[in-house]
Amino acid sequence: MHICMLLPERFPPDIRVEKEAAALTRAGHSITLLCRGDASQPTFDRVDGIDVERLPANGMFDGISGLFDGVRYVSTQVHPAWKRAVLTLDAARPIDAIHVHDLPLVRTGLVCGERLDVPVVADLHENYPEAARQIQRMRGWREIARDLEALFQRVFLSPWRLKRAERHAVGNADRVLTVCEEARAHYLRDCGGDPERVDVVSNTVDRTAFDPETATAPDLPFDPDESFVVSYIGNFTEHRGLDSLIEGFARLAETTPEAELLLVGTGNARYVARLKSLAASLGVRDRVRFTGWVPFADVPGYVAASDVCVVPHASTPHTETTVPHKLFQAMAMGVPVLVSDVAPLARVVTRTESGLVAPAGDGPAMGEALADLADADLARELGANGRRATEHEYNWERDGARLRAVYDDLREI
């Protein structure tokens, strides 16, 4: 099959898109990915065996025709530029299926699928309406008003409109993919999904990329062999719960002088400044290391340098229905995890006995759990359990097979 993937963000990087495209190309399918791009990137590219065509991220709604496109998009949630790109691609090379990554372009994909008479897969990586609500709340109107695209989304793609779009997507796509059982339950319960058409393809990892034997140690301002290294790796937004992690680390630091906290990633500038201020007020600013953004290829090294990896998500409708790659990355590397008690995280960690669970938003409880994980024997046992779980169940070999099975079914439509 020639599968046209739609991605409303830039590519690369996108871990899930990369894994899915690789799994499908290995099964004999061909992939063309339509994504956003900017002036520094080629319009046409080939990345790891998939054809990539980039639409201009800036200027898409410039001029009179662009203004009309914007009005049509606001009123219908069908993006004219993306629709034209799909139809143009099909004219050059017929499309057999449309695979849409995330909610913003699903309605566009459905319209194109009906026009071309091909099946549409809605790959809903996260609870998009609730994620948008969290980000908008964190940024606030003053910051949003300085970003025209963010202002446009806040006004015309509000969470309630996104929820309506979500119900339409789940009800009309030929297949819906999601990342955990809790999300699947949400789509069945709240969006009227058909159990036969909603599948879980989780954010598990390719174990060859996360192998403790091959990971390269990062250059750190301390000796990890002489330290107790706690890490968080990912985006910095309020619903990630990093404030409670810093509070817990401060409690740990009172009894563990060799403790170091690595915060690997980046995010909202105001939130990062607030985290730094919190660390300073708790007297641990010199032991909380903000690395900034790092290439994905470096992530295994940071995990390998850690004694504990933490996923401290706050409890929100978004986090209660998603599971991040970072959980399985740590497990695959044999590093024990500490997670908050949001449902998907707590379920996986409790079932696999790969770490400890603390109440979301409870810094002192997180500190106590970190202190427990400073016990080398306990940490070794939990880390080994996590590694074993990724070998037998929580791995991309299994989830890639689930994805291929979805497309085997679609061949019969």
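Reader: Buried means under 20% relative accessible area, got it. Which residues in α12 are buried?

Author: First, a caution: this is a predicted model. In α12, the buried residues are H325, K326, L327, F328, Q329, A330, M331 and A332. The helix spans residues 325-332 and is mostly covered, with eight of its eight residues buried.

Reader: What comes just after α12?

Author: G334 does, and its phi is positive, about 75 degrees.

Reader: L327 caught my eye. Which residues have the most contacts inside the largest nonpolar core?

Author: L327 is one of them, along with L6 and I98. That core has 66 residues. There is also a second, separate core of 30 residues. Its members include F228, F249, L275 and M366.

Reader: Why would nonpolar side chains be buried together?

Author: That is a tendency of nonpolar side chains in soluble globular proteins.

Reader: Back to L6. What does L6 touch?

Author: Leaving out residues up to four places away in sequence, L6 touches L34, W82, V86, I98, H99, V100, H101, L105 and G109. I98 is thus a contact of L6 and also ranks with L6 among the residues with the most contacts in the core.

Reader: Where does L34 sit relative to L6?

Author: L34 is in β2, and L6 stands opposite it. Strands β1 and β2 pair in the parallel sense, over six bridges.

Reader: How many residues of β2 are buried?

Author: Seven of its eight. Strand β2 covers residues 30-37 and is mostly covered.

Reader: What follows β1? Where is P12, say?

Author: P12 is in the loop between β1 and α1. P13 has its place in that loop too. The peptide bond from F11 to P12 is cis, with omega near -15 degrees. Another cis bond joins P12 and P13, with omega about 0 degrees.

Reader: And D14? Which loop holds D14?

Author: D14 lies in the loop between β1 (2-10) and α1 (15-26). D14 is buried yet has no salt bridge. R16 is the nearest side chain of opposite charge, and it is 6.9 Å away.

Reader: Why is that no salt bridge?

Author: A salt bridge needs a side-chain nitrogen of Lys or Arg within 4 Å of a carboxyl oxygen of Asp or Glu. At 6.9 Å, R16 does not give D14 one.

Reader: What lies 3.0 Å from a polar atom of the D14 side chain?

Author: The backbone nitrogen of V17. D14 also touches L7 and H125, not counting residues up to four places away in sequence.

Reader: So what is R16 linked to?

Author: R16, E20 and D123 are linked in a network of salt bridges.

Reader: How many salt bridges does the structure hold?

Author: It holds 20. One of them is R175 with D199, with the closest N and O atoms 3.0 Å apart. That pair links distant parts of the chain, 24 residues apart: R175 is in strand β7 and D199 in strand β8.

Reader: Is R175 buried or exposed?

Author: Buried, because its relative accessible area is 9%.

Reader: Which residue does E260 bridge to?

Author: R289, with the closest N and O atoms 3.2 Å apart. E260 is in strand β10 and R289 in strand β11, 29 residues apart. E260 is buried, at 10% relative accessible area. R289 counts as partly exposed, at 23%.

Reader: What about E391? What does E391 form a salt bridge with?

Author: With R387, the closest N and O atoms being 3.6 Å apart. The two are separated by about one helical turn because they are four residues apart in helix α15. E391 is partly exposed, with a relative accessible area of 35%.

Reader: Where is A379 found?

Author: In helix α15, residues 376-392. A379 is buried, with a relative accessible area of 13%. It touches P336 and L373, not counting residues up to four places away in sequence.

Reader: New topic. What is the phi of D102?

Author: It is positive, about 75 degrees, although D102 is not a glycine. D102 lies in the loop between β5 (97-101) and α4 (106-116). D102 counts as buried because its relative accessibility is 13%.

Reader: And D117, buried or exposed?

Author: Exposed, at 69% relative accessibility. Phi of D117 is near 60 degrees, a positive value in a residue other than glycine. D117 lies in the loop between α4 and β6 (120-123).

Conventions. Residues numbered from 1 in each chain as written. Predicted model: local features only at pLDDT ≥ 70, side-chain atom pairs only at ≥ 80, totals over all residues. Heavy atoms only, no water. Buried < 20%, exposed > 50% of the residue type's maximum accessible area, 1.4 Å probe, protein only. Contact = heavy atoms within 4.5 Å. Lys, Arg positive; Asp, Glu negative; His and termini not counted. Polar contact = N/O pair within 3.5 Å; in protein donor to acceptor, adjacent residues only side chain to side chain. Core = buried A, V, L, I, M, F, W, Y, C linked by side-chain atoms within 4.5 Å. Pairing = 2+ DSSP bridges.
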